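This report goes through one structure, from a single residue up to the contact between chains. Keep the sequence and the model open while reading.

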Amino acid sequence: MSDSLLAQVRDALGADAIERDPQGLPRAVPDSTDAVAQVVGLAHEHGWKLRVEGRGTWFPADAPADLALSTRALDAVEFVSPADLVAGMKAGMPLELLRRRLGDDGMWLALDPPGRPERSIGSVLATATAGPLRQGFGPVRDHVLGLTVVTGEGRVVRPGGRVVKNVAGFDLTKLQVGGFGAFGIITECTLRLRAVPRADRTLIARGPRDHLTSLARALTAARLSLSTLELFSPAIAAESDWVLAVRLLGTDEGVLAETGRLEAASDLPWSPLSHERAASFWHLAARAVLGGLVTLRLGALQDGLDDTLDLVAGVLDEGLVTAGAGSTGGIRWSGEANVAALRSLRRSAAAREIPVTLERAPWDLRHALGHFGAYREGVSQLVGRLRGTFDPSGVLSVALEAEPDGR
Amino acid sequence: MNAGVREALERIVGPRWVRHRRAELATYTMDGLPTHEEWPGIVVLPGTREELIAVLRALHAAEVPFVARGAGTGLSGGALAGEAMVLVTLTRLNRILQVDPVRRRAVVEPGVVNARLSDATQPFGLQYVPDPSSQTACTIGGNVAENAGGPHCLKAGVTTNHIVELEVILPDGSLARLGSAHGDQWGPDLVGLFVGSEGMFGIACAITVKLEPVPAAIRTLLADFMSVRAASEAVSAIIAAGVVPAALEMMDRACVQAVESSIYAAGYPTDAAAVLLVELDGQPEAVASEDVLVQRLLLAAGARHVRSATEAGERARLWQGRKKAFGAMGRIAPDLAVQDAVVPRSTLPDILERIDAIRRHYDLYISNVFHAGDGNLHPNISFDRRDADLATRVKEASRDIMAACVAVGGSITGEHGVGKDKMDYMPLIFDAETLGAMQAVRRVFDPAERANPGKVLPVHACREWHCVPATREPLAAIR
């Protein structure tokens, strides 16, 4: 990028909002939606490629670009409404800070995504990376009420709203959540919250994988009210065996009764974790996902869990695995893998109608494989046109699809 | 309408399923909203997925716009078609294609009636949760188009939270398979984008829904209050205490009196200013402990009496009044303008007083029956549309109510959709750029803008976005 163009960014944002990344690439650090729009507008006008970074804790910051844009200065909570259980914030807000801020008002965001505690909320939304709590509280999209998005042209779009129920207009928030930034940059969000539950109990059971998946099926059939029912591989749980972890949330009486029901329906002993140990268990499990360079998520339901885990272990390796063992399903795998192995896994999974999303990987893998690889019938054209609509000159450096020769 | 189009449609579905005489078309001139009326050119009723595809292809070839319609219970004028349009009625596509109790999924055609689906899954102890008041008539396809809600959506979410995969026929007659019945999206969340698109992105011909277990225990509480404000404050107190009821509904005195003087009488106290229906569900112990907590909160907020029902018959009776409230209002006046708006829950006390002031200003009969737990209001105006002056006041009052809800940070619709009725309100909550983005996304699915034209988006208020030309589907795409 020429000095004169860089000067334009500096003029728009102020000198403090420009820095160099470790490779010497200029990086803009805007602190408002308008400032993001100005930078992206310039990029669109001059044909620059832009790499969007959150707080740099999830993806490596390695997408080829003329300019990096970090959302880390977008770190304010804008409003909190305990009576409505709604909060608005900027997208660079770190999760841990947000958790503390909401906790002050007796509220929490029922999302426990993988990664580090300082990960930005925008990163979680853009990648739709939900954690074990999706069993009880749904995927990331269910927590999002409204967004502010800067498109690849620098247009500012504000879909959704601030209320918990809203069907006005087309739901463009859904396109952005899990869009990996290909349809714009999320700069602000309004989220749905919960009141902190009176009782919060974590119990774990250890055993061979097949035994635990069978137990999970029995618990589902017994219709327990579990907020999480997550399976962890030995490597990710730092245990000698597989671990099944349950989290019960609600009233004291409800959680107590559910614990009794859980034990009665199980043929393995459950170990309750103290409050501190439970917090550390979930924290370490979320962080351990970063133990490999590559993270994948596979859509597999409970009845296909064993088969899909076998497939992953066969094509890749056992790796760092967490899996939704309850009715929501979903497998997350982290480890090391090359392009050929990942292609092979995608092919085998597609034959079973299982989507494989590349959540996290170095650019060469993201570029070769795409976050989504290939789509089902009729979708490719729609996605292509949506990208053309929200990023007509291809400013946003994001690889959604596999390279054409690699499918 | 061009006779060639009619003949083409008759060749596809047979002459019996193409309606074009004025008397036949009369049925289709309105949906559930009495303030709009339009006569479609032709009504076609395809009986199979293949016929539906052929119909859309024929209309595409003839460049004729179309409107999809389910049972016609919509409340925003969304399924009205003008003379130059074909109304594609989907009620014959009413097969439940699959129920998979292990995976908790069902696949249905768009014309399946909402309540029929839960009836079919009941033997497995499963249910389809979204339950619009019209659930004994409305169709799942219509629910998908409108992103319909219902009383039991407070805890479990609205239609969009229960749809995982859609086979969609785009307006040019091509097919797209959105989402995945498995545990994750496949690609960007196009299912989420499609649900609530009000028939402007295409027609879903196979809908895969999530099923949920029927709760082990259910309790329904009825509390009555001497002031609307106290009842509204009780709503916030319950939610703030960390209880998420399955449903939390409010009815004001006008509504209660209408119900109690109808055949749907449920035993609500007619002298109360407002009643709350609170339904708790889940495991028995959790429900019992929440019941104690909620009763305490209701009484602390000023409830006169609280009744708690566990027996199914008694619960059904308490619900009957709520579910049939709209029917009961039919006794008051020939027409009912069912309004739909959302406000932040904390503003309920103020907004209900504001609505009452608007009622007095325009000298109207307004009854409120609504989903208080999520702030989703339904101020219903009883009137007679033959009285032109009255109809004008209804329109003006509706606009004032919407403006008041938007002013406190709300939305113009929580579950009924925008349709034709609320297009003019869209600029109250979306700027020109966001409206332009919606218009551009619509063109992604429907470049020729022939699916349900003239709805949702006030075109004059949309900023211009460029269009991306359609390209052919790459050969490498997989199923």
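A:F180 is found in the loop that runs between α6 and β10 (185–192) of chain A. Helices here (H or I, at least four residues) and strands (E, at least two) are DSSP runs, numbered from the N terminus. The model is predicted: local features need pLDDT of at least 70, side-chain atom pairs count only at pLDDT 80 or more, and totals for chains, interfaces and linings use all residues. Residues are numbered from 1 along each chain as its sequence is written, chains are lettered from A and ligands numbered from 1 in the order in which they are written, and side-chain values use heavy atoms, with hydrogens and water left out.

A:F180 is buried, at 5% relative accessible area. The cut-offs are under 20% for buried, over 50% for exposed, and partly exposed in between (1.4 Å probe, protein chains only). What does A:F180 contact, leaving aside neighbours within four places in sequence? The partners are A:F59, A:A126, A:T127, A:T357, A:L358, A:E359, A:H371, A:F372, A:V398 and A:L400. Contact means heavy atoms within 4.5 Å. A:A126 is 54 residues from A:F180 along the chain, yet their C-alpha atoms are separated by 4.8 Å.

A:T220 is a second buried position, with a relative accessible area of 13%. A:T220 lies in helix α7 (residues 209–221) of chain A. Residues up to four places away in sequence aside, A:T220 touches A:L229, A:Q302, A:A325, A:G326 and A:S327, and also B:R104.

**Salt bridges**

Side chains of opposite charge can pair when their charged atoms come close. A salt bridge here is a side-chain nitrogen of Lys or Arg within 4 Å of a carboxyl oxygen of Asp or Glu. The whole structure holds 61 salt bridges over all chains. Between chain A and chain B the count is 8. Four pairs are listed below.

| Partner 1 | Partner 2 | N to O distance |
|---|---|---|
| A:R261 | A:E258 | 2.5 Å |
| A:R261 | B:E285 | 2.6 Å |
| A:R116 | A:E118 | 2.7 Å |
| A:R297 | B:D184 | 2.8 Å |

A:R261 pairs with A:E258 and with B:E285. A:R261 and A:E258 both sit in helix α9 of chain A, 3 residues apart, about one turn of the helix. Are these two residues buried or partly exposed? A:R261 is partly exposed at 22% relative accessibility, while A:E258 is buried at 3%.

A:R116 and A:E118 form a salt bridge within chain A. A:R116 is partly exposed, with a relative accessible area of 30%. A:E118 is partly exposed too, at 29%.

B:D184 and A:R297 form a salt bridge. The pair crosses between chains, from the loop between β9 (175–179) and α7 (190–194) of chain B to strand β16 (residues 294–298) of chain A. Both B:D184 and A:R297 are buried. Shared partners also link salt bridges into one network of A:E353, A:R376, B:R49, B:E50, B:E165, B:E167 and B:R177.

**The contact between chain A and chain B**

How many residues does each chain bring to the contact? Chain A gives 72 and chain B gives 105. Together the chains bury about 7,300 Å², 57% of it on carbon and sulfur atoms. Buried area is the accessible area (1.4 Å probe) that two parts lose on being put together, summed over both. In chain A, the residues that lose the most area to chain B are A:K165, A:F170 and A:R376, together 13% of what that side buries.

There are 29 residue pairs in polar contact between the two chains, both residues at pLDDT 80 or more. A polar contact is a pair of N or O atoms within 3.5 Å; within protein, one must be able to donate a hydrogen and the other to accept it, and residues adjacent in sequence count only if both atoms are side-chain atoms. On the side of chain A that touches chain B, β9 (156–157), α6 (172–176), α9 (252–264) and α14 (379–390) each supply at least two residues. α14(A) gives the most, with 10 residues.

**Chain B as a whole**

Chain B has 16 helices and 20 strands. Of its 479 residues, 63% are buried. The C-alpha atoms fill a box of roughly 65 × 55 × 45 Å, taken along the principal axes.
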